[in-house]
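Colleague: Please give me a close look at a single part of this model, then work outwards so that I can place it in the rest of the chain. Spell out the cut-offs as you go.

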Amino acid sequence: MNPLKFIFFCASVLITACTDKSDRIDYTLSWTGDGIRVDMEVRSRIDSLFFTYATENGGFTDQMSWFQDLTSLKGEVSADPSTRKIAVVPDGGRAKLSYTVRCALPKDYYSPKSCLWDMFRPDLDGEMMFTRTENLFLAPEDMATPVSVRWAEVPEYPVYCIYNPGKGTDPYYGTAGSVVGSAIVGDPLLEVDTVMINGRANYLVTALRKSHDMNKIALKDYFRSFYGSISDFWGEEDPEPYSMVIFPFRNNTFEMTGNGFSNGFLSRYDATADTILTTGRRDIFTHEIGHKWIGGGNAWFSEGFNEMQTGYQTVASGLDEPSYFAEYLNHALAGLHRNPHRNDPGDLAEERFWDDGDYTWLLYWRGFSYAFHLTGLVEKATGKPDAWKVMMDAVKPFLHDFSQERFLEAMGGLIGKERAEADFRKYILEGQDFDYRPEDLPSGCAIVRLPDGTPKLEITDTLLFARHFSVHLKS
Ligand SMILES: [Zn+2]
């Protein structure tokens, strides 16, 4: 909100406070057989409001073709397809509009490499419902706006809304931010299992195509033990119910991909797979759950540090041995070393994140390498082998409002401002190669070089190395 608008807003609050206490949006959803019709009622004291449809996630440019039949029922509404902005002018403080979201994947669509299509586009028909909610709900400028969501018509199959955990299509009351950053799935085989973790109900949502009982048991066991462990690490005191949604791709044979949200995650996987919980998919689940805590800000942080967390928590939760952390990191070190853009500056890499997979992975691997590098420095500076825990305690206060400045301030507090800023400039802004000097490394390991120069972590002292993962665990 700009300052001028804010002053006007304050003034209008004084005038209208007696008639209308607060702005709000009510969404009513109706299944149409091939899409979802949204009836939206807006109450606002502001003269004109702006909403946004969808995001750039997935790198698509045809989002407005999914947004159909926009109609104004009260007040005025207009859409600007080039910016995906929808302007609403209420009449007497109220506006009513409706639109229908329709999008499906092409019939001949099987390409394993196009998993982004299945993840970021709505896919809606009589056999399956899938949509990220940014593609369904128009997002207001103020994400703290109170909203309600009601389903007037539902499909014949069960539907699960991650924003309304465990409550199916029951009415929901919350904020715009909680409904827009979420996802909805529906499927004739959809099952919701309650999983008790630390005395609280959480939800496993599946639509299993193969080996039902074996997969269900394995997923439940993983969810219970891993989510319990990572919640303890972050000192989660009053957690909301969390949803783990494992949903098959419609046609895609891509192994798996996922999206993490604040109260759950959704993964889509190759529905022809017999065993869902392979090591590769387990690590993606772990990564997506990790986004509950590490999710905002720049990609080197949200993806790279979340990869560090994935490797760390896999060991700290007891799912795997410390040597697995080395294996997981080595995959990233090799990925970074062999990346064609490995020395591109950080800003350019952020800008091109969606442009091609090499840029996407560059920021995963560079951020992971940087996080690992920092754990060595923090261990040396603080004398604490559980340096990752020390670092995460330092960034925890601003995880939901992350900025590079605050990050550098927090790291500066641990390893000294100069060192923190110099390393950040070298490795993130300028994209220089990490030098992995022995005196900077965490204890119990060394970095060796393969013949082509690829760095590789070797554990030199098993006990010392294991201490990085075990110190914080409750005895
Ligand atoms: Zn991620």
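**A loop residue and its surroundings**

Modeller: Asparagine 198 counts as exposed because it has 12 other C-beta atoms within 10 Å. The scale behind that word: 20 or more other C-beta atoms within 10 Å of a residue's own makes it buried, 12 or fewer exposed, anything in between partly exposed, with the C-beta atoms placed from the backbone. Before going on, keep in mind that this is a predicted model, where local features need pLDDT of at least 70, side-chain atom pairs count only at pLDDT 80 or more, and totals for chains, interfaces and linings use all residues. Residue numbers start from 1 along each chain, following the sequence as written.

Where does asparagine 198 sit? It's in the loop between strand 15 (191-197) and strand 16 (200-206). Helices (H or I, at least four residues) and strands (E, at least two) are DSSP runs here, numbered from the N terminus. The backbone is the fun bit: phi of asparagine 198 is near 50 degrees, a positive value in a residue other than glycine. Most residues other than glycine have a negative phi.

Aspartate 69 makes a nice companion, with a positive phi near 60 degrees, again in a residue other than glycine. It isn't in a loop, though: aspartate 69 belongs to strand 4. Why is aspartate 69 called exposed? It has 12 C-beta neighbours inside 10 Å, so it gets that label.

That takes us to the sheet around strand 4. Six strands make an open sheet in the order 4-7-2-1-11-13, and the pairing is mixed; two strands pair if DSSP finds at least two bridges between them. Strand 4 (67-74) and strand 13 (172-175) are the edges, each with a single partner strand, so each has one side without a neighbour in the sheet. On average, neighbouring strands of this sheet are turned by 20 degrees against each other, direction ignored. (Axes are lines fitted to C-alpha atoms, for helices over the stretch in contact, and angles run from 0 to 180 degrees between N-to-C directions.) Inside the sheet, strand 1 (residues 24-31) runs parallel to strand 11 (residues 146-153), and six bridges link the pair. Leucine 29 faces tryptophan 151 of strand 11 there.

There's also an antiparallel open sheet of four strands, ordered 5-6-3-10. Its edges are strand 5 (76-80) and strand 10 (139-140); each has a single partner strand, so one side of each lacks a neighbour in the sheet. Five bridges join strand 5 and strand 6 (residues 85-89) in the antiparallel sense, with valine 88 in strand 6 as the bridge partner of valine 77.

For contrast with the exposed pair, try methionine 119 in helix 2 (residues 115-120). It's buried because 22 other C-beta atoms lie within 10 Å. Setting aside neighbours within four places in sequence, methionine 119 is in contact (C-beta atoms, placed from the backbone, within 7 Å) with Gly58, Thr257, Asn259 and Arg268.

Helix 5 (residues 279-290) has plenty of buried residues too: Arg281, Asp283, Phe285, Thr286, His287, Glu288, Ile289 and Gly290. The buried residues of helix 5 pack against helix 4 (212-233), strand 18 (256-261), strand 19 (264-269) and helix 6 (299-316). The twelve residues of helix 5 should span 16 Å at 1.5 Å a residue, and the end C-alpha atoms are 16 Å apart, so that agrees; the expected span is 1.5 Å times one less than the number of residues.

Zooming out, the chain has 13 helices and 21 strands. It splits into domain 1 (23-109 + 130-186), domain 2 (189-293) and domain 3 (299-470), with bounds from an automatic or database domain assignment. The centres of domain 1 and domain 3, over C-alpha atoms, are 38 Å apart. As for overall size, a compact globule of 475 residues would have a radius of gyration near 23 Å, and the chain's 24 Å agrees; that radius is taken over C-alpha atoms, and the globule rule is 2.2 Å times the number of residues to the power 0.38. Buried residues account for 41% of the 475.

Methods: Contact = placed C-beta atoms within 7 Å.
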